[in-house]
Amino acid sequence: GSFQDAGVIQHAYNLNFPLHVVPGSSVQCVAWSAFSVSTPAVVLETVKQASSWGRWAEDRPEAVVVRLYEAHGSTVVTWLQTSLPVKEAMLCDLLERPVAQGHLPLEQRGLRLSFTPFRVLSVLFVLRQ
């Protein structure tokens with residue numbers, strides 16, 4: 001089959017960034033994820049606090065940047081979901097500056113993002129305090 005069907009991207013991440021087991025308490029806790037995407041063709045590569053390079057980020061310390069890319073060479077729409085308390089979301093450039101016309105509507109399913117083959121998108125989230 002194809003590398004997409006075989007899950008090569010996910011297996012490569014598992015190999016190169018293995019999970020580390022940390023001893024903890026025996027208390028059961030609910031599974032939780034800060035972010036998820038609805039299609040395996042889109043990889044959520046980075047979650048980080050917005051840099052202070054631009055004046056905008058210095059004014060908004062509650063800003064978080066998520067960087068994603070399309071890994072299968074396809075045109076796809078995905079939903080980016082988060083459990084964080086998001087006030088607003090917008091597309092930004094690689095220097096984490098908001099782009100013109102970049103505000104994204106927050107829907108119940110999350111953010112609807114469209115990708116062309118191998119496209120990289122950065123989304124800047126402003127969180128509620």
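The protein chain of this predicted model comprises 3 helices and 8 strands. From the N terminus onward, the elements follow the order α-α-β-β-α-β-β-β-β-β-β. Along the principal axes, the C-alpha atoms of the protein chain occupy a box of roughly 45 × 45 × 30 Å. Of its 129 residues, 33% are classed as buried. Among contacts in the protein chain with a separation of 6 or more, 74% involve residues 24 or more positions apart.

The strands of the protein chain form two open sheets, one of 3 strands and one of 5 strands. In the sheet of 3 strands, the order is 1-4-7 and the pairing is antiparallel. Its edges are formed by strand 1 (35-37) and strand 7 (111-115), each of which pairs on one side only. From one strand to the next, the twist averages 25°. Strand 4 (residues 76-82) is joined to strand 1 in the antiparallel sense over 3 bridges, and serine 36 is placed opposite glutamine 81 of strand 4. The antiparallel pairing of strand 4 with strand 7 extends over 5 bridges; here threonine 78 faces leucine 113 of strand 7 across the pair.

Side chains in a regular strand alternate between the two faces of the sheet. Strand 7 displays such an alternation: Leu111, Leu113 and Phe115 are directed to one face and are buried, whereas Arg112 and Ser114 are directed to the other face and are not buried. Leu113, the residue opposite threonine 78, thus belongs to the buried set of strand 7.

The sheet of 5 strands is likewise open, with the order 2-3-8-5-6 and antiparallel pairing. Strand 2 (42-49) and strand 6 (98-104) are the edge strands; each has a single partner strand, so one side of each remains without a neighbour in the sheet. Neighbouring strands of this sheet are turned against each other by 30° on average, direction ignored. At one of these edges, strand 6 runs antiparallel to strand 5 (residues 86-92), and 3 bridges connect the two. Within the pairing with strand 6, methionine 90 stands opposite histidine 103.

The accessible surface of the protein chain amounts to about 8600 Å², and carbon and sulfur atoms contribute 57% of this area. With regard to charge, the protein chain carries 10 positive and 10 negative side chains. The centres of these two sets are 4 Å apart.

Notes
Residues numbered from 1 in each chain as written. Predicted model: local features only at pLDDT ≥ 70, side-chain atom pairs only at ≥ 80, totals over all residues. Heavy atoms only, no water. Pairing = 2+ DSSP bridges. Helix = DSSP H or I, 4+ residues; strand = E, 2+ residues; numbered from the N terminus. Axes fitted to C-alpha atoms, helices over the stretch in contact; angles between N-to-C directions. Buried < 20%, exposed > 50% of the residue type's maximum accessible area, 1.4 Å probe, protein only. Contact = heavy atoms within 4.5 Å. Areas by Shrake-Rupley, 256 points an atom, 1.4 Å probe, with all protein chains shown as cover. Lys, Arg positive; Asp, Glu negative; His and termini not counted. Charge placed at Lys NZ, Arg CZ, Asp CG, Glu CD.
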